[in-house]
Amino acid sequence: SLRVLTGITTSGTPHLGNYVGAIRPAVRASLVSGSESFYFLADYHALIKIDEPARIQQSTLEIAATWLAAGLDPARVTFYRQSDIPEIPELTWLLTCVTAKGILNRAHAYKASVDKNNAAGEDPDADINAGLFMYPVLMAADILMFNAHKVPVGRDQIQHIEMARDIAQRFNHLYGEHFVLPEAAIEESVATLPGLDGRKMSKSYDNTIPLFTPREQLRKLIAGIVTDSRAPGEPKDTEGSALFQIYQAFATPEETETLRKAYADGIAWGDAKQMLFERIDQEVAPMRATYQSFIDNPGKLEDILLAGAAKARKLATPFTADLRRAVGLRNLT
Ligand code: TYM
């Protein structure tokens, strides 16, 4: 069967970009019969950026509760925490040894940090930990461990999935056909959701709208989305409008057409923001209570995650044994 897998780094509070780029399409994919889904909390990845244990734990709780509130059925999918699967760092090492250092040098996230240091006249590797450099190999291990075919992600993750393919190909070439070559699954209309300032919505830009922010806070945040200074009655451009793009990610095609016409007819920014607020709130409101019930009951969440880890390891343990054998390591009993 077709295997679908994706993860979210536990480095902050889930935002609208995570929801439309990964969580919503992944939950939908999990409902398609004949597919098998693997969704996880990437807490090893979080350590690259965060050295505050309490923040990792809080984020893990929030992201897990978000998946479940968004309709993920843990009985139907394999839902787990990355660090509960010790075979993943083990596979990371096997993959590290077939990964060309040059492809890691070219990874966008690492390169962006180097470029920033260069621009500031600093040592190119100042403040860069080796985890950031190795990030794509750990991510390849996440994907290849479960032989995922499709990986629903936002556009920013495409390069990582291409690297996972390269690494899989190299391993297969050296040791035989062990891995499926994964592909990114991108939802074109929401591939990069803009944030409050119009740049990609991202924890690192501090421009996010948290998915489960209280209603009045949601209204306030939406009021702060950047617009141009055109007055009510003046036609507005949908092109490059963050407000329009966010609306489109939540609305039906018909609703989007209605807003497009309203832009042409010179809708006031305040009214457009009100439309966006209502549209998002309509989608989020039914999920709020479930989210809160899990936040208030972390024990229940923990049970779900541990059951998911046991399910995942039923596959990971024998597969890792095969891989150890393939590369010439002793078989663990
Ligand atoms: P992360 O935690 O940065 O983001 C989680 C998911 O949300 C998507 N996303 C967006 N989509 C659209 N618009 C946005 N503004 C936006 N911001 C974030 C991301 O594309 C991603 O799909 N490396 C991954 C986590 C990871 C993973 C994996 C993913 C670890 N192992 C294996 C897939 C498969 C990350 O940091 O995503």
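Which residues come nearest to the ligand? In this predicted model, the answer is T9, G17, G21, V153 and G154, out of 26 residues around the ligand. If you're setting up a look at the pocket, that's a handy place to begin.

Now zoom out to the secondary structure behind that shell. β1 (2-9), α1 (16-30) and α7 (130-145) each put at least two residues into it. β1 is the top contributor, giving five residues to the shell around the ligand. As for chemistry, the shell is a mix: eleven of its residues are nonpolar, twelve are polar and three are charged.

Let's turn to a stretch of chain that has a label in a database. An unreviewed UniProt entry lists residues 10-18 as a short sequence motif, the 'HIGH' region. In the model, residues 10-18 are 33% helix and 0% strand, and the C-alpha atoms at the two ends of the span sit 11 Å apart.

On to the overall layout. The protein chain splits into domain 1, made of 2-96 + 138-193 + 298-327, and domain 2, which covers 212-292. Measuring sticks aside, how far apart are the centres of domain 1 and domain 2, taken over C-alpha atoms? They are separated by 31 Å. The two domains do meet, with ten residues of domain 1 in contact with seven residues of domain 2. On the domain 1 side of that meeting point, α1 and α3 (53-69) each supply at least two residues. α3 gives the most there, with four residues. The make-up of this side of domain 1 is eight nonpolar residues, two polar and no charged. So α1 turns up twice in this tour: it helps form the shell around the ligand, and it also supplies residues to the side of domain 1 that touches domain 2.

Finally, the inside. In soluble globular proteins, nonpolar side chains tend to be buried together. Here the largest nonpolar core has 87 residues, and those with the most contacts inside it are W67, A140, A141, L144 and A164. α7 is the biggest giver to this core, with ten residues. The core also draws at least three residues from each of domain 1 and domain 2. For a close-up, pick L144: leaving out residues up to four places away in sequence, L144 touches L91, A164, A168 and F179. One of those partners, A164, is itself among the residues with the most contacts inside the core. And α7 links back to where we started, as one of the elements that supply at least two residues of the shell around the ligand.

How values were computed. Residues numbered from 1 in each chain as written. Predicted model: local features only at pLDDT ≥ 70, side-chain atom pairs only at ≥ 80, totals over all residues. Near = placed C-beta within 6 Å. Nonpolar A, V, L, I, M, F, W, Y, C, P; charged D, E, K, R; others polar. UniProt positions renumbered as here; feature names shortened; annotations may be inferred. Domains from an automatic or database assignment. Core = buried A, V, L, I, M, F, W, Y, C linked by C-beta atoms within 7 Å. Buried ≥ 20, exposed ≤ 12 C-beta atoms within 10 Å, placed from the backbone.
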